[in-house]
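User: Please take a close look at one part of this model, the ring and charge pairs of the side chains. Set out the confidence and the fold around them as well.

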Amino acid sequence: MRPLARRSPAAGPAALVAVLLGLLLLLAPAASAAGGLDAATSALKQSQVFVDPAMEGRFSRSQADALAARIKAADKPVFVAVVPATDDYAARTVFEDLRTKVGIVGTYAIWRGDRFLARSDRAALAPATADKIAGAALRSHPGDVNGTVTDFVDQALPQVKGHGVASSGGGVPVAAIVVPLALLALAGGGVLLLFRRAGKRKEERRRAELDQLRRVVDEDITAFGEELDRLDFSPGAPDADDAQRGDYTQGLDSYERAKRTMDEAKGPEDVTAVTEALEGGRFALATLAARREGRPLPERRPPCFFDPRHGPSVQDTEWAPGGGATRPVPVCAADAVRLASGQEPDIRTVATEHGPQPYWNAGPAYGPWAGGYFGGYGGGGLLPGLLVGTMLGSMTGGGQAWGTPGQHGGFDGDQDGGDVDGGDFSGGDFDSQDFGGFDGGGGDFGGGGGFDGGGGGDFGGGF
């Protein structure tokens, strides 16, 4: 007799996982199966991504599935449809039709023919913000459907409020039934192992981001410590008074708090408290210098925009990056002189995979770092409005920069929140004015096959 082949102890669970995954693939709705509003609605309710068969030559099923997975992982109410410019998707009403039939509060982006626009419920994302993100994505990837919609999703996900379709009232997805059964069948073995691995990868990413920030923050702490060492002040000197000693003590305490907090940091979000301490310490030293020199005490202002290590700003100065729009930024005295004489300011750069870059172009990982320096000013903070169009600006979300609302690249205040949270099921009860079609209200995105609709304004320029 032929000996029976021995089965690996892991063969049973592995085979069961394979069977269950196959069942999920069979039962789960594809990103697209047929064309028309009904097919689009069904796909958007399940996978949040739809591609009409007529457009699969420009945006493949595999690309649609990858985008759907990205949105599902973020659990945000972002919906993307790629459709042809046909009567099945009427240009004037396609946004309102899909929003009504899907019935979920969220942000909707549609590539129709050769055009790309985004609309949003206010409770999920300010409509003007969705408009601007769509324009930036289109200009970055002219004619490239996958590049444009993926760029849009990457920028929108950190800003959109609410949850994805799994948390909405639009029906019970098949996975909600199959996955619990799979977990019971596997007795927590294989599936829980996957969860642990996913958690480990997430923690590794957090540690990598913290290590990236640690190098920059250590430079900031060292620079402030050197300022304290150079300070010619003795608390016991005959001409030192209690106010001066208080400023000096606050500076020392800020330095120690920054070092201690950085040593104890567990994730990137902990860096905000470090830079808050450094910002407060530098203002204390500026106040001490004014007291000792008999000058008026300085106004509490944000740090120098170009490099917070320069200390508190002394004025707002009009400035524009290369190819961008002019805007007021808080600057230190030295940078104010440089700009007035036509020179470049002394900009803080950080190391990136593309070489040294200004911190605002180095990616969203620097959000907590910048938030500690600037987040306490101007209500919602200075950075969101000032940095619209940058990776850091996308991460910090909407809001208004200091100065006159609606100017200098800030969001236009169209963020009233609404009465429901993004991701809630609202059916047809929504503000249809937020969902104009392709024939009007779209704005001029300029270049790259952009739209020439009405009412959006020209968003050219920026960082």
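Analyst: Over residues 396-420 the pLDDT (the predictor's confidence in each residue, from 0 to 100) stays under 50. For this stretch the model has 60 contacts (heavy atoms within 4.5 Å) beyond four places in sequence. Residues 24-32 also stay under 50, with 19 contacts beyond four places in sequence. The average pLDDT of the protein is 78, and 70% of the residues score at least 70.

This is a predicted model, in which local features need pLDDT of at least 70 and side-chain atom pairs count only at pLDDT 80 or more, while totals for chains, interfaces and linings use all residues. Residues are numbered from 1 along each chain as its sequence is written, and side-chain values use heavy atoms, with hydrogens and water left out.

The secondary structure comprises 14 helices and eight strands; these are DSSP runs numbered from the N terminus, H or I of at least four residues for helices and E of at least two for strands. Of the 463 residues, 44% count as buried, where buried means under 20% relative accessible area, exposed over 50% and partly exposed in between (1.4 Å probe, protein chains only). Among contacts between residues at least 6 apart in sequence, 64% join residues at least 24 apart.

Now the rings. A pair of aromatic rings is described by the distance of the centres and the angle of the planes. Rings of Phe, Tyr and Trp (its six-membered ring) pair if their centres lie within 6.5 Å; planes under 30 degrees apart count as stacked, over 60 as edge-to-face and the rest as tilted. The count by this rule is 16 aromatic pairs. In one of them, W319 and W360 have ring centres 5.9 Å apart and planes at 65°, so this pair is edge-to-face. W319 belongs to strand β5 (residues 315-319), whereas W360 is in the loop between β8 (357-358) and α12 (367-374), and the two are 41 residues apart. Both of these tryptophans are buried. W319 and W360 are also members of one aromatic cluster, together with F305, F306, Y359, Y366, W369, Y373 and F374.

Two other rings carry a charge over the face. That requires NZ of Lys or CZ of Arg within 6 Å of the ring centre and within 35 degrees of the ring normal. R300 lies over F283, 4.5 Å from the ring centre. R119 has its charged end over the ring of F95, at 5.3 Å from the centre.

Next, the charge pairs. The whole structure holds 19 salt bridges, each a side-chain nitrogen of Lys or Arg within 4 Å of a carboxyl oxygen of Asp or Glu. In one of these, E269 and R206 have their closest N and O atoms 3.0 Å apart. The two ends come from distant parts of the chain: R206 is in helix α8 (residues 190-230), E269 is in the loop between α9 (242-264) and α10 (271-293), and 63 residues separate them. E269 is partly exposed at 44% relative accessible area, and R206 is partly exposed at 22%.

Helix α9 holds two salt bridges of another kind, within a single helix. D242 meets R245 at 2.7 Å, N to O; these residues are three apart in α9, about one turn of the helix. D242 is exposed, with a relative accessible area of 60%, whereas R245, at 28%, is partly exposed. Further along, E256 meets K259 at 3.6 Å, N to O. E256 and K259 are three residues apart in α9, and are therefore separated by about one helical turn. An α-helix has 3.6 residues a turn, so residues three or four places apart point the same way. E256 is partly exposed at 41%, and K259 counts as partly exposed at 28%. Elsewhere, E219, D220, D307, R309 and R348 are linked in a salt-bridge network.

Finally, two places towards the start of the chain. In helix α2 (residues 37-46), the buried residues are A39, A40, T41, A43 and L44. Their cover includes β1 (49-51), β2 (78-83) and α4 (94-102). Q48, which follows α2, has a positive phi near 70°. G113 lies in the loop between β3 (107-112) and β4 (115-120) and is buried, at 12% relative accessible area. Beyond four places in sequence, G113 is in contact with M55, R58, V83, P84 and A85.
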